[in-house]
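Reader: I should be grateful for a close look at a single part of this structure. Please set out its place, its surroundings and its ring contacts in one connected account.

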Amino acid sequence: MYKGHKLRSDSSRFTVKKLLIFVGVCVLFTLAYKFGQASTVSAADKPVSVSVIDQQIKRQIEESGEKVPEIEVLSWKPRIFVYHNFISDEDCDHIVEIGTEEVIKGGKKNAGGQAAGGYLIQTQKDHVLMSVEKKIADWTMLPEVNGEVFYMSKFEKGQGYGSHVDFFHGDDAKRFIGEQGQRMASVVVFLSTPEGGELIFEDVKVKVAPVKGTAVLYYNLIADGKDEPLSKHEDARVTSGTKYTITKWLRQNAASRPEI
């Protein structure tokens, strides 16, 4: 009697186990289907905001008067995300201060004829930049070593940067890809809030106004590693004030970093 009862009990547990596995598989397929639908959302659809912190912590931050971090999905093709309040105003001011002290390149002309100053900043020399680099790695889930050296840009009134892509193509692809791989993604952090100076992805009608402390992540490659032409973008001309940004270009593999 006891053995027969045990056999029926084991059989019952086995049936329940199979049922749970079946339900789990159905849930996974449902999520995969919905994710596939979400990945086809156009840039014209309403942006989706996602809180990156616990609701209780969010309330505590709001009560303290601090800014609440939040990620906004602007487009799935190309993939464009905005991280509001990515770094503090104090950190922005600090980076601008050290960046302007470490100029290694003068102003350069782009295809549109507007001048913009650009500087490389070595992360290891500053604890704030090291912290920002770690936040970028946490956000993108790409290793810190895959990032090139920070590039700081300064745009004064009337200055901007013409339409371009960040991935290498043509002769540049042969010269710069190598073992590092392609520039698969870019992160731009706004260090000031000028008038004008929007980051514009013209082909998908996405425009991001520069707001101090906000970061923009966009992917230069599609999921299969091919170039994403829709990632083409430009920096609109500044109409008032000065626009400061730092850019982190992220490679497919570990990036080589020149000594500065």
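Author: The account below concerns strand 6 and its partner, followed by ring contacts elsewhere.

The model is predicted, so local features need a pLDDT of at least 70 and side-chain atom pairs count only at pLDDT 80 or more, whereas totals for chains, interfaces and linings use all residues. Residues are numbered from 1 along each chain as its sequence is written, and side-chain values use heavy atoms, with hydrogens and water left out.

Strand 6 covers residues 150–155 and includes S153. Strands here are DSSP runs of E with at least two residues, helices are runs of H or I with at least four, and both are numbered from the N terminus. Five of the six residues in strand 6 are buried; buried means under 20% relative accessible area, exposed over 50%, and partly exposed in between, with a 1.4 Å probe and protein chains only. S153 is itself buried, at a relative accessible area of 9%. Its C-alpha atom is separated by 6.5 Å from that of Y119, which is 34 residues away along the chain.

Strand 6 pairs with strand 15 (residues 243–251) in the antiparallel sense, over five bridges; pairing requires that DSSP find at least two bridges between the strands. Within this pairing, S153 stands opposite T245 of strand 15.

Aromatic rings can be considered next. The whole structure holds eight aromatic pairs. Rings of Phe, Tyr and Trp (its six-membered ring) pair if their centres lie within 6.5 Å; planes under 30 degrees apart count as stacked, over 60 as edge-to-face and the rest as tilted. In one of the pairs, Y83 and W139 have ring centres 5.0 Å apart and planes at 90°, so the arrangement is edge-to-face. Because Y83 belongs to strand 3 and W139 to helix 4, this pair ties together parts 56 residues apart in sequence. Y83 is buried at 11% relative accessibility, and W139 is buried at 14%.

Y151 and W249 form a tilted pair, with 5.6 Å from centre to centre and 40° between the planes. Y151 lies in strand 6 and W249 in strand 15, so this contact ties together parts 98 residues apart in sequence. Both of these residues, Y151 and W249, are buried.

W249 has a further contact: R183 lies over its face, at 3.9 Å from the ring centre. A charge sits over a ring if NZ of Lys or CZ of Arg is within 6 Å of the ring centre and within 35 degrees of the ring normal.
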